[in-house]
2 protein chains.
Amino acid sequence: MAASGKTIERLSVYRRLLSMRTFSEEDYVYSHELARMVSGTAAQVRRDLMAIGVTGHSKRGYRIGPLVEEIGTLLDDPEGTRIVLVGAGDLGRAVLGFMKGRSSALTIVGAFDSDPAKAGRVVHGYRCRSMDEIEGVIAAERAQVAILATPADGAQEVCDRLVEAGVRGIVNFAPAPLIVPEAVWVERVDIATALEKVACLIRGVDETTM
Amino acid sequence: MAASGKTIERLSVYRRLLSMRTFSEEDYVYSHELARMVSGTAAQVRRDLMAIGVTGHSKRGYRIGPLVEEIGTLLDDPEGTRIVLVGAGDLGRAVLGFMKGRSSALTIVGAFDSDPAKAGRVVHGYRCRSMDEIEGVIAAERAQVAILATPADGAQEVCDRLVEAGVRGIVNFAPAPLIVPEAVWVERVDIATALEKVACLIRGVDETTM
(Lines give C-alpha, C1' and ligand atoms only; values in the text may rest on other atoms or scores of the structure.)
Protein backbone atom coordinates (compact mmCIF):
# COMPACT_ATOMS: atom_id res chain seq x y z
CA MET A 1 0.00 0.00 0.00
CA ALA A 2 1.42 3.35 -1.01
CA ALA A 3 0.81 6.31 1.28
CA SER A 4 3.14 9.28 1.41
CA GLY A 5 4.47 10.75 4.64
CA LYS A 6 2.14 13.73 4.24
CA THR A 7 -0.87 11.45 3.67
CA ILE A 8 0.06 9.49 6.79
CA GLU A 9 0.20 12.73 8.79
CA ARG A 10 -3.22 13.79 7.61
CA LEU A 11 -4.75 10.34 8.21
CA SER A 12 -3.42 10.49 11.77
CA VAL A 13 -5.11 13.87 12.23
CA TYR A 14 -8.41 12.74 10.67
CA ARG A 15 -8.54 9.79 13.04
CA ARG A 16 -7.78 11.92 16.07
CA LEU A 17 -10.41 14.48 15.11
CA LEU A 18 -13.01 11.78 14.59
CA SER A 19 -12.15 10.15 17.91
CA MET A 20 -12.54 13.49 19.71
CA ARG A 21 -16.22 13.64 18.80
CA THR A 22 -18.92 11.29 19.88
CA PHE A 23 -19.95 9.34 16.84
CA SER A 24 -22.00 6.22 16.64
CA GLU A 25 -20.77 3.40 14.42
CA GLU A 26 -23.54 4.21 11.96
CA ASP A 27 -22.64 7.87 11.60
CA TYR A 28 -21.21 9.33 8.45
CA VAL A 29 -18.83 12.23 7.81
CA TYR A 30 -18.46 14.22 4.60
CA SER A 31 -15.05 14.89 3.07
CA HIS A 32 -15.76 18.62 3.28
CA GLU A 33 -16.38 18.33 7.04
CA LEU A 34 -13.01 16.63 7.56
CA ALA A 35 -11.42 19.15 5.23
CA ARG A 36 -12.72 22.08 7.26
CA MET A 37 -11.29 20.58 10.45
CA VAL A 38 -7.79 20.42 8.96
CA SER A 39 -7.99 23.61 6.87
CA GLY A 40 -7.65 21.49 3.75
CA THR A 41 -9.74 20.71 0.72
CA ALA A 42 -12.40 18.03 0.25
CA ALA A 43 -10.52 16.73 -2.80
CA GLN A 44 -7.41 16.23 -0.67
CA VAL A 45 -9.38 14.31 1.95
CA ARG A 46 -10.88 12.07 -0.76
CA ARG A 47 -7.42 11.39 -2.23
CA ASP A 48 -6.02 10.54 1.21
CA LEU A 49 -8.84 8.13 1.94
CA MET A 50 -8.63 6.59 -1.52
CA ALA A 51 -4.93 5.90 -0.82
CA ILE A 52 -6.04 3.50 1.92
CA GLY A 53 -8.81 2.03 -0.20
CA VAL A 54 -11.72 3.80 1.50
CA THR A 55 -14.43 5.19 -0.74
CA GLY A 56 -17.40 7.23 0.41
CA HIS A 57 -21.09 6.98 -0.27
CA SER A 58 -22.10 9.47 -2.96
CA LYS A 59 -24.77 11.10 -0.79
CA ARG A 60 -23.83 10.39 2.81
CA GLY A 61 -20.04 10.53 2.78
CA TYR A 62 -17.86 8.13 4.76
CA ARG A 63 -19.09 5.77 7.45
CA ILE A 64 -16.99 6.69 10.47
CA GLY A 65 -16.56 3.28 12.12
CA PRO A 66 -14.95 1.53 9.14
CA LEU A 67 -13.00 4.68 8.25
CA VAL A 68 -11.36 4.87 11.69
CA GLU A 69 -10.66 1.15 11.53
CA GLU A 70 -9.06 1.37 8.10
CA ILE A 71 -6.82 4.25 9.18
CA GLY A 72 -5.79 2.11 12.16
CA THR A 73 -4.87 -0.75 9.85
CA LEU A 74 -2.42 1.55 8.12
CA LEU A 75 -1.08 3.43 11.13
CA ASP A 76 -1.00 0.91 13.95
CA ASP A 77 1.31 -2.03 14.27
CA PRO A 78 -0.95 -4.93 15.38
CA GLU A 79 1.82 -5.92 17.80
CA GLY A 80 2.00 -2.38 19.21
CA THR A 81 4.93 0.01 18.89
CA ARG A 82 7.30 0.15 21.83
CA ILE A 83 9.02 3.46 22.45
CA VAL A 84 11.91 4.66 24.59
CA LEU A 85 12.23 8.29 25.61
CA VAL A 86 15.63 9.90 26.17
CA GLY A 87 15.79 13.17 28.09
CA ALA A 88 13.54 13.70 31.10
CA GLY A 89 13.74 17.49 31.20
CA ASP A 90 10.69 19.73 30.74
CA LEU A 91 10.09 18.51 27.20
CA GLY A 92 10.53 14.84 28.07
CA ARG A 93 8.13 15.33 30.98
CA ALA A 94 5.63 16.96 28.64
CA VAL A 95 5.82 14.00 26.26
CA LEU A 96 5.43 11.50 29.11
CA GLY A 97 2.41 13.42 30.43
CA PHE A 98 0.97 13.43 26.96
CA MET A 99 1.44 9.65 26.49
CA LYS A 100 0.18 8.71 29.93
CA GLY A 101 -3.13 6.93 29.90
CA ARG A 102 -3.57 7.23 26.14
CA SER A 103 -5.19 4.06 24.92
CA SER A 104 -3.19 3.68 21.78
CA ALA A 105 -0.93 1.44 19.83
CA LEU A 106 2.08 3.38 21.13
CA THR A 107 3.63 2.42 24.47
CA ILE A 108 6.52 4.03 26.33
CA VAL A 109 8.64 1.15 27.63
CA GLY A 110 11.39 3.22 29.20
CA ALA A 111 12.41 6.79 30.03
CA PHE A 112 16.09 7.67 30.34
CA ASP A 113 18.21 10.62 31.36
CA SER A 114 21.95 11.18 31.46
CA ASP A 115 21.62 12.99 34.78
CA PRO A 116 22.25 10.39 37.51
CA ALA A 117 20.22 12.54 39.92
CA LYS A 118 17.11 11.81 37.87
CA ALA A 119 17.52 8.01 37.92
CA GLY A 120 14.74 6.37 39.92
CA ARG A 121 12.45 9.40 39.85
CA VAL A 122 8.92 8.74 38.69
CA VAL A 123 7.63 11.18 36.07
CA HIS A 124 3.94 10.95 35.15
CA GLY A 125 4.02 7.31 36.23
CA TYR A 126 7.18 6.38 34.30
CA ARG A 127 10.32 5.58 36.25
CA CYS A 128 13.35 7.41 34.91
CA ARG A 129 16.37 5.16 34.34
CA SER A 130 20.07 5.64 33.88
CA MET A 131 21.47 5.74 30.34
CA ASP A 132 23.54 2.67 31.21
CA GLU A 133 20.40 0.58 31.01
CA ILE A 134 19.17 1.77 27.63
CA GLU A 135 20.63 -0.94 25.38
CA GLY A 136 19.30 -3.62 27.71
CA VAL A 137 15.80 -2.16 27.78
CA ILE A 138 15.66 -1.68 24.01
CA ALA A 139 16.65 -5.32 23.51
CA ALA A 140 14.40 -6.77 26.22
CA GLU A 141 11.36 -4.72 25.22
CA ARG A 142 12.06 -4.88 21.49
CA ALA A 143 11.66 -1.10 21.30
CA GLN A 144 11.62 0.13 17.71
CA VAL A 145 11.07 3.86 18.18
CA ALA A 146 12.82 6.49 20.29
CA ILE A 147 11.84 9.99 21.29
CA LEU A 148 14.90 12.18 21.58
CA ALA A 149 14.21 15.07 23.97
CA THR A 150 17.79 15.94 24.88
CA PRO A 151 19.63 19.22 24.29
CA ALA A 152 21.42 19.55 20.94
CA ASP A 153 24.75 18.74 22.57
CA GLY A 154 25.23 15.03 22.67
CA ALA A 155 22.11 14.26 20.61
CA GLN A 156 24.12 12.54 17.86
CA GLU A 157 25.91 10.35 20.37
CA VAL A 158 22.62 9.23 21.91
CA CYS A 159 21.21 8.68 18.42
CA ASP A 160 24.14 6.43 17.50
CA ARG A 161 23.56 4.32 20.61
CA LEU A 162 19.85 4.03 19.88
CA VAL A 163 20.44 2.94 16.29
CA GLU A 164 23.15 0.51 17.32
CA ALA A 165 20.75 -0.98 19.87
CA GLY A 166 18.13 -1.59 17.20
CA VAL A 167 15.89 1.51 17.09
CA ARG A 168 14.54 2.11 13.59
CA GLY A 169 12.60 5.34 13.98
CA ILE A 170 13.35 8.52 15.93
CA VAL A 171 11.17 11.51 16.77
CA ASN A 172 13.79 14.20 17.22
CA PHE A 173 13.00 17.21 19.42
CA ALA A 174 16.69 18.09 19.86
CA PRO A 175 17.51 21.19 17.79
CA ALA A 176 20.31 19.35 16.01
CA PRO A 177 20.56 17.38 12.78
CA LEU A 178 20.99 13.63 13.20
CA ILE A 179 23.01 11.47 10.88
CA VAL A 180 21.51 7.98 10.63
CA PRO A 181 21.77 4.96 8.31
CA GLU A 182 19.31 4.93 5.42
CA ALA A 183 17.11 2.29 7.05
CA VAL A 184 16.36 4.57 10.02
CA TRP A 185 13.58 7.16 9.83
CA VAL A 186 13.99 10.49 11.64
CA GLU A 187 11.01 12.80 12.11
CA ARG A 188 12.08 16.22 13.30
CA VAL A 189 9.81 18.25 15.60
CA ASP A 190 11.37 21.66 15.42
CA ILE A 191 10.03 24.30 17.77
CA ALA A 192 12.44 27.03 16.66
CA THR A 193 11.61 26.51 13.00
CA ALA A 194 7.85 26.51 13.68
CA LEU A 195 8.21 29.88 15.42
CA GLU A 196 10.45 31.37 12.75
CA LYS A 197 8.09 30.17 10.04
CA VAL A 198 5.03 31.75 11.65
CA ALA A 199 6.91 34.98 12.38
CA CYS A 200 7.97 35.08 8.73
CA LEU A 201 4.63 34.15 7.18
CA ILE A 202 2.60 36.75 9.06
CA ARG A 203 4.83 39.38 7.47
CA GLY A 204 3.30 38.50 4.12
CA VAL A 205 5.93 36.31 2.55
CA ASP A 206 4.18 34.32 -0.16
CA GLU A 207 3.04 30.91 0.91
CA THR A 208 2.89 28.96 -2.32
CA THR A 209 3.23 25.40 -1.03
CA MET A 210 1.72 23.75 2.01
CA MET B 1 9.86 37.73 -2.68
CA ALA B 2 8.27 34.31 -3.07
CA ALA B 3 9.34 31.58 -0.69
CA SER B 4 7.11 28.64 0.17
CA GLY B 5 6.44 27.47 3.70
CA LYS B 6 8.67 24.45 3.14
CA THR B 7 11.49 26.65 1.80
CA ILE B 8 11.16 28.89 4.86
CA GLU B 9 11.43 25.84 7.13
CA ARG B 10 14.57 24.64 5.40
CA LEU B 11 16.15 28.12 5.40
CA SER B 12 15.53 28.29 9.15
CA VAL B 13 17.30 24.96 9.57
CA TYR B 14 20.24 25.92 7.31
CA ARG B 15 20.80 29.07 9.35
CA ARG B 16 20.65 27.21 12.65
CA LEU B 17 23.08 24.56 11.42
CA LEU B 18 25.49 27.19 10.18
CA SER B 19 25.26 29.11 13.45
CA MET B 20 26.03 25.92 15.43
CA ARG B 21 29.48 25.67 13.85
CA THR B 22 32.32 28.09 14.17
CA PHE B 23 32.75 29.74 10.82
CA SER B 24 34.67 32.86 9.97
CA GLU B 25 33.01 35.45 7.78
CA GLU B 26 35.26 34.41 4.93
CA ASP B 27 34.35 30.74 5.06
CA TYR B 28 32.34 29.01 2.38
CA VAL B 29 29.93 26.10 2.46
CA TYR B 30 28.94 23.82 -0.44
CA SER B 31 25.31 23.06 -1.20
CA HIS B 32 26.10 19.36 -0.81
CA GLU B 33 27.41 19.98 2.72
CA LEU B 34 24.20 21.74 3.72
CA ALA B 35 22.19 19.03 1.97
CA ARG B 36 23.90 16.30 3.97
CA MET B 37 23.10 18.08 7.23
CA VAL B 38 19.38 18.14 6.44
CA SER B 39 19.20 14.77 4.64
CA GLY B 40 18.25 16.62 1.47
CA THR B 41 19.72 17.10 -1.97
CA ALA B 42 22.21 19.70 -3.18
CA ALA B 43 19.78 20.73 -5.92
CA GLN B 44 17.12 21.44 -3.29
CA VAL B 45 19.55 23.58 -1.28
CA ARG B 46 20.48 25.57 -4.39
CA ARG B 47 16.80 26.13 -5.24
CA ASP B 48 16.08 27.30 -1.68
CA LEU B 49 18.96 29.75 -1.72
CA MET B 50 18.08 30.96 -5.21
CA ALA B 51 14.58 31.74 -3.88
CA ILE B 52 16.15 34.36 -1.62
CA GLY B 53 18.46 35.63 -4.34
CA VAL B 54 21.66 33.99 -3.09
CA THR B 55 23.91 32.38 -5.66
CA GLY B 56 27.04 30.42 -4.95
CA HIS B 57 30.56 30.59 -6.30
CA SER B 58 31.04 27.86 -8.91
CA LYS B 59 34.10 26.42 -7.17
CA ARG B 60 33.83 27.46 -3.54
CA GLY B 61 30.11 27.32 -2.82
CA TYR B 62 28.33 29.91 -0.67
CA ARG B 63 30.04 32.49 1.50
CA ILE B 64 28.57 31.87 4.93
CA GLY B 65 28.43 35.41 6.33
CA PRO B 66 26.28 36.90 3.55
CA LEU B 67 24.23 33.70 3.35
CA VAL B 68 23.27 33.83 7.03
CA GLU B 69 22.53 37.53 6.68
CA GLU B 70 20.29 37.01 3.66
CA ILE B 71 18.32 34.26 5.42
CA GLY B 72 17.87 36.66 8.34
CA THR B 73 16.50 39.32 5.99
CA LEU B 74 13.77 36.90 4.98
CA LEU B 75 13.05 35.29 8.35
CA ASP B 76 13.49 38.05 10.89
CA ASP B 77 11.26 41.03 11.38
CA PRO B 78 13.65 43.99 11.77
CA GLU B 79 11.41 45.21 14.60
CA GLY B 80 11.53 41.82 16.31
CA THR B 81 8.61 39.44 16.78
CA ARG B 82 6.85 39.56 20.14
CA ILE B 83 5.30 36.35 21.35
CA VAL B 84 2.89 35.35 24.10
CA LEU B 85 2.81 31.83 25.48
CA VAL B 86 -0.40 30.31 26.83
CA GLY B 87 -0.16 27.23 29.02
CA ALA B 88 2.62 26.95 31.59
CA GLY B 89 2.49 23.18 32.05
CA ASP B 90 5.41 20.90 31.20
CA LEU B 91 5.30 21.80 27.53
CA GLY B 92 5.01 25.52 28.13
CA ARG B 93 7.93 25.28 30.57
CA ALA B 94 9.94 23.43 27.93
CA VAL B 95 9.27 26.16 25.38
CA LEU B 96 10.19 28.89 27.88
CA GLY B 97 13.42 27.07 28.73
CA PHE B 98 14.16 26.75 25.07
CA MET B 99 13.58 30.45 24.38
CA LYS B 100 15.48 31.68 27.42
CA GLY B 101 18.70 33.42 26.59
CA ARG B 102 18.40 32.79 22.86
CA SER B 103 19.71 35.83 21.09
CA SER B 104 17.15 35.95 18.37
CA ALA B 105 14.55 38.04 16.69
CA LEU B 106 11.87 36.25 18.71
CA THR B 107 10.97 37.50 22.18
CA ILE B 108 8.51 36.10 24.69
CA VAL B 109 6.66 39.10 26.14
CA GLY B 110 4.29 37.20 28.39
CA ALA B 111 3.48 33.73 29.71
CA PHE B 112 -0.06 32.91 30.80
CA ASP B 113 -1.93 30.08 32.45
CA SER B 114 -5.57 29.56 33.33
CA ASP B 115 -4.60 28.04 36.69
CA PRO B 116 -4.72 30.88 39.25
CA ALA B 117 -2.22 28.93 41.39
CA LYS B 118 0.43 29.48 38.70
CA ALA B 119 -0.01 33.25 38.52
CA GLY B 120 3.08 35.02 39.78
CA ARG B 121 5.35 31.98 39.53
CA VAL B 122 8.58 32.52 37.64
CA VAL B 123 9.36 29.84 35.06
CA HIS B 124 12.80 29.98 33.43
CA GLY B 125 12.90 33.67 34.17
CA TYR B 126 9.43 34.44 32.83
CA ARG B 127 6.72 35.46 35.28
CA CYS B 128 3.50 33.55 34.71
CA ARG B 129 0.40 35.75 34.55
CA SER B 130 -3.32 35.27 34.87
CA MET B 131 -5.34 34.87 31.67
CA ASP B 132 -7.25 38.03 32.65
CA GLU B 133 -4.21 40.06 31.67
CA ILE B 134 -3.67 38.57 28.22
CA GLU B 135 -5.57 41.08 26.08
CA GLY B 136 -3.83 43.95 27.86
CA VAL B 137 -0.36 42.47 27.38
CA ILE B 138 -0.96 41.66 23.70
CA ALA B 139 -2.05 45.25 23.09
CA ALA B 140 0.66 46.91 25.19
CA GLU B 141 3.47 44.75 23.79
CA ARG B 142 2.06 44.59 20.27
CA ALA B 143 2.45 40.81 20.34
CA GLN B 144 1.81 39.27 16.92
CA VAL B 145 2.47 35.61 17.60
CA ALA B 146 1.18 33.17 20.23
CA ILE B 147 2.38 29.76 21.33
CA LEU B 148 -0.57 27.64 22.40
CA ALA B 149 0.60 24.98 24.86
CA THR B 150 -2.73 24.22 26.52
CA PRO B 151 -4.61 20.92 26.59
CA ALA B 152 -7.02 20.30 23.68
CA ASP B 153 -9.98 21.26 25.84
CA GLY B 154 -10.46 24.98 25.70
CA ALA B 155 -7.81 25.54 23.01
CA GLN B 156 -10.32 27.03 20.56
CA GLU B 157 -11.61 29.44 23.19
CA VAL B 158 -8.10 30.67 23.96
CA CYS B 159 -7.39 30.88 20.24
CA ASP B 160 -10.47 33.08 19.70
CA ARG B 161 -9.32 35.44 22.44
CA LEU B 162 -5.82 35.64 20.98
CA VAL B 163 -7.10 36.42 17.49
CA GLU B 164 -9.60 38.95 18.81
CA ALA B 165 -6.75 40.64 20.71
CA GLY B 166 -4.68 40.99 17.53
CA VAL B 167 -2.49 37.89 17.27
CA ARG B 168 -1.82 36.97 13.64
CA GLY B 169 0.18 33.75 13.93
CA ILE B 170 -0.15 30.77 16.26
CA VAL B 171 2.17 27.85 16.92
CA ASN B 172 -0.30 25.22 18.11
CA PHE B 173 0.93 22.42 20.37
CA ALA B 174 -2.59 21.63 21.56
CA PRO B 175 -3.76 18.37 19.99
CA ALA B 176 -6.87 20.06 18.63
CA PRO B 177 -7.75 21.74 15.34
CA LEU B 178 -8.13 25.52 15.51
CA ILE B 179 -10.58 27.47 13.42
CA VAL B 180 -9.19 30.92 12.61
CA PRO B 181 -9.91 33.73 10.13
CA GLU B 182 -8.07 33.48 6.82
CA ALA B 183 -5.60 36.22 7.76
CA VAL B 184 -4.27 34.21 10.73
CA TRP B 185 -1.57 31.59 10.22
CA VAL B 186 -1.58 28.44 12.37
CA GLU B 187 1.45 26.15 12.45
CA ARG B 188 0.66 22.84 14.11
CA VAL B 189 3.34 21.02 16.12
CA ASP B 190 1.80 17.63 16.54
CA ILE B 191 3.59 15.18 18.81
CA ALA B 192 1.03 12.38 18.44
CA THR B 193 1.15 12.58 14.65
CA ALA B 194 4.96 12.60 14.58
CA LEU B 195 4.97 9.39 16.65
CA GLU B 196 2.28 7.70 14.60
CA LYS B 197 4.07 8.65 11.39
CA VAL B 198 7.40 7.19 12.51
CA ALA B 199 5.72 4.05 13.87
CA CYS B 200 3.98 3.62 10.52
CA LEU B 201 6.95 4.39 8.28
CA ILE B 202 9.33 1.95 9.96
CA ARG B 203 6.86 -0.78 9.04
CA GLY B 204 7.73 -0.23 5.41
CA VAL B 205 4.83 1.86 4.18
CA ASP B 206 6.02 3.57 1.03
CA GLU B 207 7.31 7.06 1.56
CA THR B 208 6.81 8.73 -1.80
CA THR B 209 6.69 12.38 -0.77
CA MET B 210 8.74 14.26 1.80
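Me: Where is I108(B) found?
Reply: In this predicted model, I108(B) sits in strand β4 of chain B, residues 106-113.

Me: Why is I108(B) called buried?
Reply: Its relative accessible area is 8%. Buried means under 20%. I108(B) is therefore buried.

Me: Which residues is I108(B) in contact with, leaving aside neighbours within four places in sequence?
Reply: I83(B), L96(B), M99(B), Y126(B) and I147(B). Contact here requires heavy atoms within 4.5 Å.

Me: How many residues apart in sequence are I108(B) and D90(B), and how far apart in space?
Reply: They are 18 residues apart in sequence. C-alpha to C-alpha, the distance is 17 Å.

Me: What makes α1(B) roughly perpendicular to α3(B)?
Reply: Take helix α1 (residues 5-20) and helix α3 (residues 42-51) of chain B: their axes cross at roughly 100° and come within 10 Å. Angles of 65 to 115 degrees count as roughly perpendicular. So α1(B) is roughly perpendicular to α3(B).

Me: Which residues make that contact?
Reply: From α1(B) come T7(B), R10(B), L11(B) and Y14(B). From α3(B) come Q44(B), V45(B), D48(B), L49(B) and A51(B). By type, five are nonpolar, two polar and two charged.

Me: How many disulfides does the structure hold over all chains?
Reply: Zero.

Me: How do you know that C128(B) is too far from C159(B) for a bond?
Reply: A disulfide needs two cysteine sulfur atoms within 2.5 Å. For C128(B), the closest cysteine sulfur is in C159(B), 19 Å away, so no bond is possible. The reverse holds too: the closest cysteine sulfur to that of C159(B) is in C128(B), at 19 Å.

Me: Are C128(B) and C159(B) buried or exposed?
Reply: C128(B) is at 2% relative accessibility. C159(B) is at 0%. The cut-off for buried is under 20%, so C128(B) counts as buried and C159(B) does as well.

Me: Why does Q144(A) count as buried?
Reply: Q144(A) has 15% relative accessibility. Buried means under 20%, so Q144(A) counts as buried. Its place is in the loop between α6 (134-141) and β7 (145-148) of chain A.

Me: What does Q144(A) touch, not counting residues up to four places away in sequence?
Reply: In chain A, D77(A), G80(A), T81(A), R82(A), V167(A), R168(A) and G169(A). In chain B, I202(B).

Me: Which domains is chain A divided into?
Reply: Domain 1 covers 5-75 and domain 2 covers 81-193. Their C-alpha centres lie 30 Å apart.

Note on methods: Residues are numbered from 1 along each chain as its sequence is written. Chains are lettered from A and ligands numbered from 1 in the order in which they are written. This is a predicted model: local features need pLDDT of at least 70, side-chain atom pairs count only at pLDDT 80 or more; totals for chains, interfaces and linings use all residues. Side-chain values use heavy atoms; hydrogens and water are left out. Domain bounds come from an automatic or database domain assignment. Buried means under 20% relative accessible area, exposed over 50%, partly exposed in between (1.4 Å probe, protein chains only). Axes are lines fitted to C-alpha atoms, for helices over the stretch in contact, and angles run from 0 to 180 degrees between N-to-C directions. Helices (H or I, at least four residues) and strands (E, at least two) are DSSP runs, numbered from the N terminus. Angles under 35 degrees count as roughly parallel, over 145 as roughly antiparallel, 65 to 115 as roughly perpendicular and the rest as oblique. Ala, Val, Leu, Ile, Met, Phe, Trp, Tyr, Cys and Pro count as nonpolar, Asp, Glu, Lys and Arg as charged, and the others, Gly among them, as polar.
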